[in-house]
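Biologist: I would like to learn how to read a protein model step by step. Could you show me the structure and then take my questions in turn?

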Amino acid sequence: MHVLIIGGGTGGMCLAHGLKKAGVSVAVYERYGSRRDGLYGYRVGIDPTGSRALHECLRPELFDTFVATAAREPRHFNVFTQSLRTTATFQLPPARDAVNSERSVSRATLRQVLFTGMDDVVHYGKEFTRYERHPDGTISAHFGDGTTATGDLLIAADGTRSAVRRQFLPHAEIKDAGVTAIATKTALTPETRALLPDEALNGLSLIFGTKGMIGMLHVMTFKRDAQGGSPGLEFDTDRDYINLSIWSSHAHFPEDTTRRRGRRLIATALEAAANWHPNLRRIFELSDPEAAFPLKIATSVPVDPWPTTNITLLGDAIHTMTPGQGVGANTALRDARLLCRELTAVAGGRKRLPAAIGDYEAEMIPYGFARVAESLTSNGTSGDDPLFRPVTGRLALFAARSYFAATSRVPVLRRKFLADLSTYRGEDLARS
């Protein structure tokens, strides 16, 4: 059995590592020209579900690098107003162990870890254009440079705009969630550190602002002393930084926001945050204009199960979700772990390929689209959210702030909130 994976994102590379470790022949086709390309994005939270997938699929030394390069764990989850007044703060439990814990990592660093030791597997500069089935049951992938690759199984791991999905499941829709976001990255220096209270410096913070604006703030500090000699880090350039993002419904931003870049995009964020605390605005002003990026939030429309073939999908290629629950990458990693187990059973002669793919899809489709639906229920992840409306927005904002204020102050509610959060993000080992 030879497996073709289209796309070298988090889920695709985790699967490739697992298959290679199990002795299964696998090749990854990555549209970027080298491992140095595609270093976009900032923080990604890897919850216990995602961490267990990485632990199972990666070689031990690479998993150790993943742990060593994670940011220091946040000690608080905070809710602030746009004036930096504290609505709520929750003390987060410490990491349980190296595997069953929540970690914040840099997307760029995680990418480097996942590409390490895979030079014999990854083919760069390969933009997938179409696939072709053959009478002998094999399948060929065609690429923009005129080359082809043939295997027994084709896996779409090529993200939200998956070209494989467009051909294989042309009825599967990706729809606009109605939300525009601007993400920024600011170096953590003595000046920027002084702009934030201790809870924000040591935590993950949600900002419920007026006028339909919501923000997320996270300070990423790394344990650089733990990284000496770790494999895969020669391409990593991340240093301590602040992520500050702002989002709202499309109507609250200029129509061309997603085409703006650099200083013009920073100016757009400052305009959106016109009534925010001067310290938050200063973080925007000091951010790296080349690192700022806009985003229109998208979400998948659930599809019914399809006939099992030697093509399947994982991650955003099939269940794109909003960032509301923070589980997109982790669901892709869950897919990778499950599919790796199924394909390893095929390679070991314990299953036939059609049965393995059928069993994978029978489990993945329900939990994947359940996560899609749950992500749309989070505050501010749909353009239809009452928070974004002129009249009902004030009532919705009052309700959101009141909920968090009461939850953080009443012990029984606080314990339930943290327990539910822990269970949902995979710390309940019974869900593994």
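Modeller: What follows is a conversation about this predicted model, going from confidence to helices, loops and single residues.

Biologist: Since the model is predicted, what average pLDDT does the protein chain have?

Modeller: A pLDDT value expresses the predictor's confidence in a residue, on a scale from 0 to 100. Here the protein chain averages a pLDDT of 90, and 93% of the residues score at least 70. There are weaker places as well: over residues 225-229 the pLDDT stays under 50, and the model has 6 contacts for them beyond four places in sequence. The pLDDT is also below 50 over residues 428-432, a stretch with 11 contacts in the model beyond near neighbours in sequence.

Biologist: How should I read two helices that pack together, and at what angle do α11 and α12 pack?

Modeller: Two packed helices are described by the angle between their axes and by the distance between those axes. For helix α11 (residues 328-347) and helix α12 (residues 353-376), the angle is about 165° and the axes are 9 Å apart. Angles over 145 degrees count as roughly antiparallel, and therefore α11 and α12 are roughly antiparallel to each other. The crossing in which α11 passes α12 is right-handed. Among the residues that meet are T331, R334 and D335 in α11, and L353, A356 and I357 in α12.

Biologist: Are α1 and α11 roughly parallel or antiparallel to each other?

Modeller: Their angle is about 30°, with the axes 8 Å apart. Because angles under 35 degrees count as roughly parallel, α1 and α11 are described as roughly parallel to each other. On the α1 side the contact is made by T10, G11, C14, L15, G18 and L19, and on the α11 side by A332, L333, A336, L339, C340 and L343. The crossing of α1 past α11 is right-handed.

Biologist: You mentioned L15 in that contact; is L15 buried or exposed?

Modeller: Burial is judged from relative accessible area, and a residue under 20% is called buried. L15, which is found in helix α1, has 0% relative accessibility and so counts as buried. Leaving out residues up to four places away in sequence, L15 touches I5, I155, L314, A336, L339 and C340. Sequence separation and spatial separation can be read side by side: L15 and D37 are 22 residues apart in sequence, and their C-alpha atoms are 20 Å apart in space.

Biologist: Can the same idea be used for a whole helix, and how many residues of α3 are buried?

Modeller: For a helix, one counts its buried residues. Helix α3 (residues 60-69) is mostly covered, with 7 of its 10 residues buried, and these are L62, F63, T65, F66, V67, A68 and T69. The buried residues of α3 pack against several elements, namely α1, β3, α2, β6 and α4.

Biologist: Turning to the backbone, which value of phi does L84 have?

Modeller: Most residues other than glycine have a negative phi. L84 has a positive phi near 65°, although L84 is a residue other than glycine. L84 lies in the loop between β4 (76-81) and β5 (86-91), and at 15% relative accessibility L84 counts as buried. K211 likewise has a positive phi, of about 60°, and is not a glycine. The place of K211 is in the loop between β13 and β14, but K211 counts as exposed, with 66% relative accessibility.

Biologist: Where is K126 placed, and which residue does its side chain join in a polar contact?

Modeller: A polar contact is a pair of N or O atoms within 3.5 Å. K126 is in the loop between β7 (122-123) and β8 (128-133), and a polar contact of 3.0 Å joins its side chain to that of T147. With a relative accessible area of 15%, K126 is buried. Not counting residues up to four places away in sequence, K126 touches Y29, E30, R31, F143, D145 and T147.

Biologist: As a last case, where does G380 lie, and which residues is G380 in contact with?

Modeller: G380 is in the loop between α12 and α13, and at 1% relative accessibility G380 counts as buried. Leaving aside neighbours within four places in sequence, G380 is in contact with V179, I214, W247, D385, L387 and F388.

Note on methods:
Residues numbered from 1 in each chain as written. Predicted model: local features only at pLDDT ≥ 70, side-chain atom pairs only at ≥ 80, totals over all residues. Heavy atoms only, no water. Buried < 20%, exposed > 50% of the residue type's maximum accessible area, 1.4 Å probe, protein only. Helix = DSSP H or I, 4+ residues; strand = E, 2+ residues; numbered from the N terminus. Contact = heavy atoms within 4.5 Å. Polar contact = N/O pair within 3.5 Å; in protein donor to acceptor, adjacent residues only side chain to side chain. Axes fitted to C-alpha atoms, helices over the stretch in contact; angles between N-to-C directions. Parallel < 35°, antiparallel > 145°, perpendicular 65-115°, else oblique. Left-handed = near helix turned anticlockwise from the far one by under 90°.
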